[in-house]
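Colleague: Please take a close look at one strand of this model and what surrounds it. Then place that strand in the whole fold.

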Amino acid sequence: MDPLPVPPLPEWLADLLPFARFRFAVEGRGMHVMTAGTGAPVLLLHGNPTWGFLWRRVAAALADAPLRLIMPDLVGLGLSDKPRDPSLHTLAAHARWLGGLVEALELPPLVFVGHDWGGPIGLRYLADNPRMARGVVLANTVAGPPRPGFRPTAFHRFARMPLVSTVAFRLFGFPQRALHRAQGDPASIRGQIARAYRWPLRRLADRTAPLALARMVPDSLQHPTVPGLERCQRFVEGFSGPAAIVWGDRDPVLGRALGRLQKMLPQAPVTRTPAGHFLQEEVPEAIADAVREVSRQAFG
């Protein structure tokens with residue numbers, strides 16, 4: 001598949017992203033992806049409301065590794081197309097779009113690294129394509145549906161509030177303007193770094209995805225996302241290849257999810273850190289070390 005033209009970046013942002021950039025049409029929607037290095041493929045997938053920019057410090061820490069790092073932007077975020085219909089955002093659709101990008105890049109079996117919504121989206125793709133999984137690294141994410149009797153987080157309860165959530169997400173740029181509040185060290189997302197996270201969603205018309213993705217999180221066991229998360233869990237529990245978990249203990253969103261993830265992936269060593277939700281900004285070396293070790297085991 002021939003790539004599409006890649007939109008230019010402002011100079012201040014281009015200086016922060018010294019990577020090759022591409023766009024491919026997937027089901028009629030342009031998906032943006034950055035790549036770095038050469039060698040065995042490692043797919044690093046972000047969540048809500050970030051983009052491939054999230055992985056730049058991890059990529060820098062892996063600059064000497066014989067790995068080809070692939071850092072896509074989910075549809076609706078980053079420099080990928082931003083459909084305005086929130087109903088398009090489902091776990092199945094995002095997994096399908098990711099699969100289309102993997103096919104466009106003609107990737108062989110790979111190591112998958114997932115964070116936040118990137119975890120379930122990538123795992124849902126792998127559940128349908130298990131031969132593509134050589135290794136798995138998970139960081140502050142989930143891999144299955146919630147337990148019976150669960151209570152959604154304050155963030156996800158807020159996303160369900162009529163009108164006020166729409167105003168906050170669409171007009172005031174929430175949560176991308178408040179990422180520092182989810183950090184162990186709030187100073188890790190300040191200045192130009194915070195600006196870079198906001199930049200792809202600077203236009204009001206482009207802000208559909210953050211609220212849609214927040215509402216993709218189940219608020220009951222009857223939520224339409226639950227069957228897809230069950231598929232993710234079955235895949236993870238049946239995966240016997242090399243794996244690792246890297247965790248930010250000061251994550252106010254998913255910090256309590258670690259114990260369940262460990263039970264699903266018992267062969268995975270766990271690296272716990274004092275970082276927050278976006279731990280790529282605080283402890284990139286810890287993630288890079290896990291990726292390096294899982295890749296060594298996966299590819300020899």
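**Strand E4 and its setting**

Modeller: This is a predicted model. Of the 300 residues of the protein, 60% count as buried. The fold contains eleven helices and eight strands. Its radius of gyration is 18 Å, close to the 19 Å that the globule rule gives for 300 residues, so the protein is as compact as a globular protein of that length. The C-alpha trace spans about 55 × 50 × 40 Å along the principal axes. Among contacts with a separation of 6 or more, 76% join residues 24 or more positions apart. The exposed surface comes to about 12400 Å². Carbon and sulfur atoms supply 54% of that surface.

Now the strand itself. E4 covers residues 67–72. Five of its six residues are buried, which leaves E4 mostly covered.

E4 pairs with E2 and with E3. Strand E2, residues 29–36, pairs with E4 in the antiparallel sense. Four bridges hold that pairing. One example is Val33, whose bridge partner in E4 is Pro72. Strand E3, residues 40–45, runs parallel to E4 and is joined to E4 by four bridges. Here Val42 has Leu69 as its bridge partner in E4. From E3 the chain passes through helix H2, residues 56–61, and on to E4. This β-α-β crossover is right-handed.

Look at the E2 side through one residue. Thr35 lies in strand E2. Its relative accessibility is 10%; buried means under 20%, so Thr35 counts as buried. Beyond its neighbours within four places in sequence, Thr35 is in contact with Arg68, Leu69, Ile70 and Met71, and also with Phe19, Ala20 and Phe22.

Just before E2 comes a backbone oddity. Glu27 sits in the loop between strand E1, residues 20–26, and E2. Its phi is near 55 degrees, a positive value in a residue other than glycine. Most residues other than glycine have a negative phi, and most peptide bonds are trans. At 43% relative accessibility, Glu27 counts as partly exposed.

The path out of E3 has its own exception. Pro49 is placed in the loop between E3 and H2. The peptide bond from Asn48 to Pro49 is cis, with omega near 0 degrees.

Next, the packing. In soluble globular proteins, nonpolar side chains tend to be buried together. The largest nonpolar core here has 52 residues. Phe112, Leu123, Phe235 and Leu265 touch the most other members. Helix H3, residues 91–104, gives the largest share of this core, eight residues. Another core lies apart from it, with 47 residues. Val42 belongs to that second core, as do Leu54, Tyr197 and Phe278. So the E3 residue that bridges to Leu69 is also a member of the 47-residue core.

E3 also reaches Phe112. Residues up to four places away in sequence aside, Phe112 touches Leu43 and Leu45. The list of its contacts also includes Gly118, Gly119, Gly122, Leu123 and Leu126. Further contacts of Phe112 are Gly135, Val136, Val137 and Leu138.

Several of those contacts lead to helix H4. H4 runs over residues 118–128, and ten of its eleven residues are buried, so it is largely enclosed by the rest of the structure. The buried set includes Gly118, Gly122, Leu123, Arg124, Tyr125 and Leu126. E3 is part of what covers these buried residues. The cover also includes H3, strand E5 (110–115), strand E6 (133–139) and H9.

Past E6 there is another positive phi. Asn140 is found in the loop between E6 and helix H5, residues 154–159. Its phi is about 45 degrees, although it is not a glycine. Asn140 is buried, with a relative accessible area of 0%.

Finally, H9, one of the elements that cover H4. Val226 lies in helix H9, residues 226–238. Its relative accessibility is 5%, so Val226 counts as buried. Neighbours within four places aside, Val226 is in contact with Pro145, Pro218, Ser220 and Leu221. The C-alpha atoms of Val226 and Glu281 are separated by 30 Å, at 55 residues apart along the chain.

In short, E4 is mostly covered. An antiparallel pairing joins it to E2, and a parallel one joins it to E3.

Key:
Residues numbered from 1 in each chain as written. Predicted model: local features only at pLDDT ≥ 70, side-chain atom pairs only at ≥ 80, totals over all residues. Heavy atoms only, no water. Buried < 20%, exposed > 50% of the residue type's maximum accessible area, 1.4 Å probe, protein only. Helix = DSSP H or I, 4+ residues; strand = E, 2+ residues; numbered from the N terminus. Pairing = 2+ DSSP bridges. Right-handed = clockwise from strand over helix to strand, strands pointing away. Rg over C-alpha atoms; globule rule 2.2 N^0.38 Å. Contact = heavy atoms within 4.5 Å. Areas by Shrake-Rupley, 256 points an atom, 1.4 Å probe, with all protein chains shown as cover. Core = buried A, V, L, I, M, F, W, Y, C linked by side-chain atoms within 4.5 Å.
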